[in-house]
Amino acid sequence: MIINKNGVDYTLTAQEEAEHLANIAAIQQEQQATLYKFKRAAEYPPMADYLDAIVKGDTQQQEAYIAACLAVKAKYPK
Amino acid sequence: MALTKVQSELLNAPSGLVRVAGGTVTASSTITVDNCFTSSYLNYVIYLNTAYTGSADQDAYLQFRAGGSINNTNYSYNVNYINAGVNAGTASSNSGSSSAIVLYDNMDSGSIFNGNIEVFNPQTTTKTTSQWSLYGEDGSNFKQMLGFSFQSQSTSFDGFVLTMQSGTLTGTYDVYGVAR
């Protein structure tokens, strides 16, 4: 594996490459631990839909909203 | 009394950006720069003009260095994405326990990877903070990543490493100190 160190290409030794990959693996593991929150947030239906259902007294729309949220939770488990 | 040449040069000492490091990288997994942060300047700007080659959905990380070693503890960061004309949101975040700063989330092969990272107080024992605006491509989307970070240790950092999750960067980088 080649890296650029202080402007010069440098080939990592086997030990350095193992340390490099371990560093990346640790970062990825941390990211994975919280990634579900951001994936879920991006896909939850708009809260306005739920409020609209309450204002209208539309229980079917409320249940559809809850089902959509639960589907997102299931898609991206903790 | 007329000024000497030396006095005149001191009066006209440069302010603004002073290039302290930089270079060209070709198919490199990281960009590692040591001894670019010194007591000469409080604040720095890193400019990237690169292209990424590798797998889809890969991330870019930043870590500070001191004495030739990577610091891999006590980072806090938040990075938001904006896919032009599509969507926006938080890509990744960590409060105090990250081993790195996630600069960019989900970059695809063939993407440009341009932008700037401002680093505040890396050389002093004051907490080092940074902010960035980086641009790339995620599928057919043009994406901006906006973020900020804190490093809670009182370490004086003298360098940094920008690491791709996998794949390589080709292009140029420049590091500037901000002269007062």
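The exercises below, each with a worked solution, concern a predicted model of chains A and B.

**Exercise 1. The build of chain A**

Determine which elements chain A contains, in what order they run, and how the radius of gyration of chain A compares with the globule rule.

Solution.
- Step 1. Chain A holds 3 helices and 2 strands.
- Step 2. Read from the N terminus, the order is β-β-α-α-α.
- Step 3. For 78 residues the globule rule gives 12 Å, whereas the radius of gyration of chain A is 23 Å, well over that value, so chain A is more spread out than a compact globule.
- Step 4. The C-alpha trace of chain A spans about 65 × 25 × 15 Å along its principal axes.
- Step 5. Burial is then counted: 9% of the 78 residues of chain A are buried.

**Exercise 2. The build of chain B**

Carry out the corresponding analysis for chain B, and state what share of its residues is buried.

Solution.
- Step 1. The elements of chain B are 1 helix and 13 strands.
- Step 2. The helix comes at the start of the order from the N terminus, and the strands follow it.
- Step 3. A compact globule of 180 residues would have a radius of gyration near 16 Å; the value for chain B is 18 Å, which agrees.
- Step 4. Taken along the principal axes, the box filled by the C-alpha atoms of chain B is roughly 65 × 30 × 30 Å.
- Step 5. In chain B, 39% of the 180 residues count as buried.
- Step 6. Take the contacts in chain B between residues at least 6 apart in sequence: 76% of these join residues at least 24 apart.

**Exercise 3. The packing of α2(A) on α3(A)**

Decide whether α2(A) and α3(A) are roughly parallel or roughly antiparallel, and list the residues through which they meet.

Solution.
- Step 1. Helix α2 of chain A covers residues 47-56 and helix α3 of chain A covers residues 59-75; their axes come within 8 Å and cross at roughly 160 degrees.
- Step 2. Angles over 145 degrees count as roughly antiparallel, and α2(A) and α3(A) are therefore roughly antiparallel to each other.
- Step 3. The crossing in which α2(A) passes α3(A) is left-handed.
- Step 4. From α2(A), the residues in the contact are A:Asp49, A:Tyr50, A:Ala53, A:Ile54 and A:Lys56; from α3(A), they are A:Gln61, A:Gln62 and A:Tyr65.
- Step 5. Sorted by class, this contact has 4 nonpolar, 2 polar and 2 charged residues.
- Step 6. Despite the contact, α2(A) is hardly covered, with 0 buried residues among its 10.
- Step 7. After α2(A) comes A:Gly57, which has a positive phi near 70 degrees.

**Exercise 4. The contact between the chains**

Find how many residues each chain gives to the contact, and which element of chain A gives the largest share of the side that touches chain B.

Solution.
- Step 1. Chain A gives 19 residues and chain B gives 26 residues.
- Step 2. On the side of chain A, the elements with two or more residues in the contact are β1 (2-5) and α1 (14-43).
- Step 3. The largest share, 11 residues, belongs to α1(A).
- Step 4. By class, the side of chain A that touches chain B is made up of 9 nonpolar, 7 polar and 3 charged residues.

**Exercise 5. Positive phi outside glycine**

Place B:Ala27 and B:Asn106 in their strands, and classify each as buried, partly exposed or exposed.

Solution.
- Step 1. Most residues other than glycine have a negative phi.
- Step 2. B:Ala27 has a positive phi, near 50 degrees, and lies in strand β1 (residues 16-28) of chain B.
- Step 3. Because 13 other C-beta atoms lie within 10 Å, B:Ala27 is partly exposed.
- Step 4. B:Asn106 also has a positive phi, near 65 degrees, and belongs to strand β8 (residues 101-107) of chain B.
- Step 5. The cut-off for a buried residue is 20 or more other C-beta atoms within 10 Å; B:Asn106 has 21, so B:Asn106 is buried.

**Exercise 6. The surroundings of B:Gly54**

Locate B:Gly54 in chain B, and name its contacts beyond four places in sequence.

Solution.
- Step 1. B:Gly54 sits in the loop between β3 (43-53) and β4 (58-66) of chain B.
- Step 2. With 19 other C-beta atoms within 10 Å, B:Gly54 is partly exposed.
- Step 3. Neighbours within four places in sequence left aside, the contacts of B:Gly54 are B:Ser109, B:Met164, B:Ser166, B:Gly167 and B:Thr168.
- Step 4. B:Tyr77 is 23 residues from B:Gly54 along the chain, and the C-alpha atoms of the two are separated by 25 Å.

Notes:
Residues numbered from 1 in each chain as written. Chains lettered and ligands numbered in written order. Predicted model: local features only at pLDDT ≥ 70, side-chain atom pairs only at ≥ 80, totals over all residues. Axes fitted to C-alpha atoms, helices over the stretch in contact; angles between N-to-C directions. Helix = DSSP H or I, 4+ residues; strand = E, 2+ residues; numbered from the N terminus. Parallel < 35°, antiparallel > 145°, perpendicular 65-115°, else oblique. Left-handed = near helix turned anticlockwise from the far one by under 90°. Contact = placed C-beta atoms within 7 Å. Nonpolar A, V, L, I, M, F, W, Y, C, P; charged D, E, K, R; others polar. Buried ≥ 20, exposed ≤ 12 C-beta atoms within 10 Å, placed from the backbone. Rg over C-alpha atoms; globule rule 2.2 N^0.38 Å.
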